[in-house]
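This report describes selected strand pairings and one helix packing in a predicted model. The sequence and structure are shown below.

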Amino acid sequence: MTEQAVPEISDKRHPVRVLLVDDQRMVGEAVRRMVADEEWLEYSYCQKPEEAIAMAESFQPTVILQDLVMPGIDGLTLVEQYKQHEQLKHVPAIVLSSQEDPVVKAESFTRGANDYLVKLPDRIELLARIKHHSEGYIHLLERNAAFEALAENQRILAGELAEAADYVRSLLPAPTQGPVNIRWDFESCSSVGGDSFGYRWLDDDNLIIYLLDVCGHGVGAALLSVSVMNALGNESLGNVDFKQPNAVLACLNDVFEMERHNNMYFTMWYGVYNRHSRELRYASAGHPPALLYRAGQAEPECLVTPALPVGTMPGLPFKEKTTYIAADDRLYVYSDGVYEVQYQDGREMTLEDFMPLLSKPLASGPDGLKQIRDTVATIQQSDIFEDDFSLVELTFQ
Amino acid sequence: MADNIESRLEGDIMVCAIIGRLDAVSAENTSAELLSLIASCESAKVLLDLSKLEYVSSLGLRVFVQAAKQLNGSGGTLKLCSATPPVQKVLEISALDSLLDLRDTVADALGAF
């Protein structure tokens, strides 16, 4: 083998550092001369074994050459101490021994040594082993650094997603009492979905209620959802009549055309309730039906007008329907995240499976609706939902 | 590339069977693959066979919408057939069953072009 056979390590972030621990100064000097011309390598020598740990801590070697027989402490005991040391445990330790003894070799490996050389080794062989073990250790350091960077990025991303979810939640209206009692349960999924909803009295007589679900997850979906909420909340949709559900959906369909919004679109349910006429006009777009439970009836009426999701195709007409509300009727508007979960046997939960959960009036108070979320969580055996969970209940006086 | 589309020619009609699920994981790749198939095929008539499609989410609807837009833009026609019950419900809610002429069987749909 020639000297040219040992390629250089060019990694600048983790230089190769060799620490020799040997009580014989002569050995220290011999090894120094062997590596003196190697610019890719930093060398340090420790003559006193009792100082080896402290010196390794400060020098941060990528490989330790450890003499086997020393006064006061034997080399393998030191190797064991390296392997129990938090900072040094992964640093490769090469035992230097004057004996070519299989039993000693076996014990060395048993007690944590990574390699074994009979001293003084050939220079080329020594450099090759230093390089081999240092490269492995440096790769480990780089991998650990990459994992830490990835974990840090994930922490930052999770924080930003949580912030987006908190912002969406902050825009949701408070539960309200009056001619219509309204309460809701909302849980954002871990990756932030695109659900949002709102309700307000347009005037003394007319209440609007809407819920939308942007297809897809993440901050982009949340941003679009917030944009739609703002357009509806500020009535900034031109001259559209907010008492006409089909007109509102048609206007949103043109304003939020998917090609102009990063190919995102949304499903939506929109209704207007007039408390004097007790008329509920509604329209939906690709959204699961709102469920109207008449007082004393277990089976709901499904309020839906089939149409493509909002934004998918410009110029499409939307239909609306009308029904009439009686006292104590309950209306549930929700996103598909409340029931699109899997049973433990892998079967998909369906809307038909979900409906019976609402057949009887739920407990009053803030936890009444949460019972439903808890039940669905039990079905999927997880409190973590893959989609936003949005459930709004309106009880009419 | 999506591996959940099987395509064949029936006369001058390209029949694409979509298999498995169309959800947040698969919708984008499947849509890109289908659009590529449509672009590379000389036929302007495309039938999507949904008999092996188990589930479609609202996000998965983009596969049908974008294919329909591409074909409409070039004077072509897209039809659907053989939807499984859960898929049919989603198509009904989104009106795609009527907009894209959903038929019960492949033979029925082929005869309707």
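## Strand pairing and helix packing

In chain A, β6(A) and strand β15 (residues 389-396) pair in the antiparallel sense over eight bridges. Within this pairing, N181(A) stands opposite T395(A) in β15(A). Strand β6 of chain A spans residues 180-187, and seven of its eight residues are buried, so the strand is largely enclosed by the rest of the structure.

Chain B offers a further set of pairings, centred here on β4(B). Strand β4 (residues 45-49) of chain B has four of its five residues buried, so it too is largely enclosed by the rest of the structure. Strand β2 (residues 13-18) of chain B pairs with β4(B) in the parallel sense, and β4(B) also pairs in the parallel sense with strand β6 (residues 77-81) of chain B. The bridge partner of M14(B) in β4(B) is V46(B), while L48(B) has L80(B) in β6(B) as its bridge partner.

The pairings are listed below.

| Strands | Sense | Bridges |
|---|---|---|
| β6(A) and β15(A) | antiparallel | eight bridges |
| β2(B) and β4(B) | parallel | five bridges |
| β4(B) and β6(B) | parallel | five bridges |

Chain A also contains a helix packing. Helix α5 (residues 123-171) and helix α6 (residues 219-233) of chain A pack at an angle of about 15 degrees, with their axes 10 Å apart. Because of this angle, α5(A) is roughly parallel to α6(A). Their crossing is left-handed. From α5(A), L161(A), A164(A), Y167(A), V168(A) and L171(A) meet V219(A), A222(A), V226(A) and M229(A) of α6(A). By class, this contact has nine nonpolar residues, with no polar and no charged ones.

Technical notes:
Residues numbered from 1 in each chain as written. Chains lettered and ligands numbered in written order. Predicted model: local features only at pLDDT ≥ 70, side-chain atom pairs only at ≥ 80, totals over all residues. Heavy atoms only, no water. Axes fitted to C-alpha atoms, helices over the stretch in contact; angles between N-to-C directions. Helix = DSSP H or I, 4+ residues; strand = E, 2+ residues; numbered from the N terminus. Parallel < 35°, antiparallel > 145°, perpendicular 65-115°, else oblique. Left-handed = near helix turned anticlockwise from the far one by under 90°. Contact = heavy atoms within 4.5 Å. Nonpolar A, V, L, I, M, F, W, Y, C, P; charged D, E, K, R; others polar. Buried < 20%, exposed > 50% of the residue type's maximum accessible area, 1.4 Å probe, protein only. Pairing = 2+ DSSP bridges.
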